[in-house]
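Thanks for coming, everyone. I have one model to walk through today. Have a look at it first, then I'll start.

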Amino acid sequence: MSDTSPLRRLHRVQELDLNLDRLRDEEGNISTELRDARAEQERLNNALEDTEITLEGVEKNIRRTELDLSSIREQVGRAREEQEKNAFDARAQSQYGSRIQMLSERADELEEDLAPLREQQQALQARAADLRGQHRALRPTLGTLEEQDETRVQGLRDQGEADRQERAQLAGNLDARTIREYDMIRRAKKGLGVVEIKAGRCSGCNVNLPVNVQQKAAQGKLPPVKCPSCGRFLIRLDLA
């Protein structure tokens with residue numbers, strides 16, 4: 001079987017495919033620095049989002065409490081005006097006085113409620129500002145690391161360009177049906193669609209091959225002979 005036989009060309013296609021697989025796998029091997037920077041960015045984003053959500057809730061409570069307090073103060077003011085206009089005896093004075101006292105006590109309670117809310121608001125605002133500052137500080141470093149990784153990935157893709165071109169040329173000169181079947185087997189069998197016969201065994205699944213299967217595979221003709229166990233195409237590379 002010569003080196004230009006269809007099956008040997010198909011085996012060469014697989015060698016190229018395996019190298020391209022390796023390069024694609026390497027694309028995902030980002031540096032520890034970039035991985036850590038991305039994780040830190042995500043942590044800051046999540047922390048900032050949680051802080052802003054909490055701050056929004058606190059500010060909503062502050063607005064509601066301030067509205068309630070404003071309403072109570074207006075009621076106190078109206079009650080005092082009415083007291084001056086309408087309280088002509090001790091009983092009326094006492095009734096208005098009781099109402100004003102009750103409203104004033106409620107206003108004091110709301111003031112007391114506002115104090116810790118405003119403290120919490122200030123703390124959350126400071127926390128959000130600090131997180132935004134950390135995010136801004138991280139941005140240049142992350143940007144540099146992302147650019148470096150893009151350069152690395154592009155370099156890997158450039159490395160594979162010659163292999164892609166050679167593969168396209170080889171595949172274009174092979175039977176389309178054989179190529180399609182090879183691709184299907186390769187996807188199903190961990191990247192190996194063509195395996196060598198070694199010492200009478202399939203190197204893909206290590207099963208002993210019948211002599212007639214070995215002899216037929218040694219001819220190197222299409223359609224390729226398949227391993228009766230794993231279904232991969234078989235090839236004898238030790239023949240001249």
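One cut-off before anything else: a residue is exposed when its relative accessible area is over 50%, and buried when that area is under 20%. Take K190. Its relative accessible area is 83%, so K190 counts as exposed. And please keep in mind that this is a predicted model.

Where does K190 sit? In the loop between α4 and β1. Its phi is positive, near 55°, and K190 is not a glycine. Most residues other than glycine have a negative phi, and most peptide bonds are trans. A199 is another case, with a positive phi of about 55° and again no glycine. A199 lies in the loop between β1 and β2. At 81% relative accessible area, A199 is exposed.

While we are on backbone geometry, here is the peptide bond to look at. L222 and P223 are joined by a cis peptide bond, with omega about 0°. P223 belongs to the loop between α5, residues 211-218, and β3.

Now back to the helix that K190 follows, α4. α4 covers residues 176-188, which is 13 residues. At 1.5 Å a residue, α4 should span 18 Å. The end C-alpha atoms of α4 are 19 Å apart, which agrees.

Which residues of α4 are buried? They are T178, I179, Y182, I185 and R186. Looking down the axis of α4, these buried residues fall within an arc of 130°, so they line one face of the helix. The exposed residues on the other side of α4 are R177, R180, M184, R187 and A188.

What does the buried set of α4 pack against? Two helices and two strands: α1 (6-27), α3 (90-172), β1 (194-198) and β3 (233-235).

That brings me to the sheet. It is open, with three strands in the order β2-β1-β3, and the pairing is mixed. β2, residues 201-202, and β3 are the edge strands, each pairing on one side only. Strands of a sheet pair through backbone hydrogen bonds, either parallel or antiparallel. β1 and β3 run parallel, joined by three bridges. One pair to find on screen: V194 has F233 in β3 as its bridge partner.

Next, the nonpolar cores. In soluble globular proteins, nonpolar side chains tend to be buried together. How many residues does the largest nonpolar core have here? It has 14. Those with the most contacts inside this core are V58, I62, L69, I72 and V76. α2 (32-86) and α3 are the elements that give two or more residues to this core. Take L69 as an example. Leaving out residues up to four places away in sequence, L69 touches A107, L110, E111 and L114. Apart from that core lies another one, of 13 residues. Among its members are L174, I179, V194 and F233. We have met three of those names. I179 is one of the buried residues of α4, and V194 and F233 are bridge partners.

Two more residues, both in α2. Q83 is in helix α2. With a relative accessible area of 17%, Q83 is buried. Q83 touches Q93, Y96, G97 and I100, again not counting residues up to four places away in sequence. D50 is also in helix α2. At 49% relative accessibility, D50 counts as partly exposed. How far apart are D50 and M102? In sequence, 52 residues; in space, 39 Å from C-alpha to C-alpha.

Last, the database record. UniProt, in an unreviewed entry, places a "coiled-coil region" at residues 20-127. In the model, residues 20-127 are 94% helix and 0% strand. The end C-alpha atoms of that stretch are 47 Å apart. The unreviewed UniProt entry also places the feature "domain: CT398-like coiled coil hairpin" at residues 13-189. Residues 13-189 are likewise 94% helix and 0% strand. Here the end C-alpha atoms are 16 Å apart.

That's my tour. Questions, please.

Notes:
Residues numbered from 1 in each chain as written. Predicted model: local features only at pLDDT ≥ 70, side-chain atom pairs only at ≥ 80, totals over all residues. Heavy atoms only, no water. Helix = DSSP H or I, 4+ residues; strand = E, 2+ residues; numbered from the N terminus. Expected span 1.5 Å × (residues − 1). Buried < 20%, exposed > 50% of the residue type's maximum accessible area, 1.4 Å probe, protein only. Arc of directions from axis to C-beta. Contact = heavy atoms within 4.5 Å. Core = buried A, V, L, I, M, F, W, Y, C linked by side-chain atoms within 4.5 Å. UniProt positions renumbered as here; feature names shortened; annotations may be inferred. Pairing = 2+ DSSP bridges.
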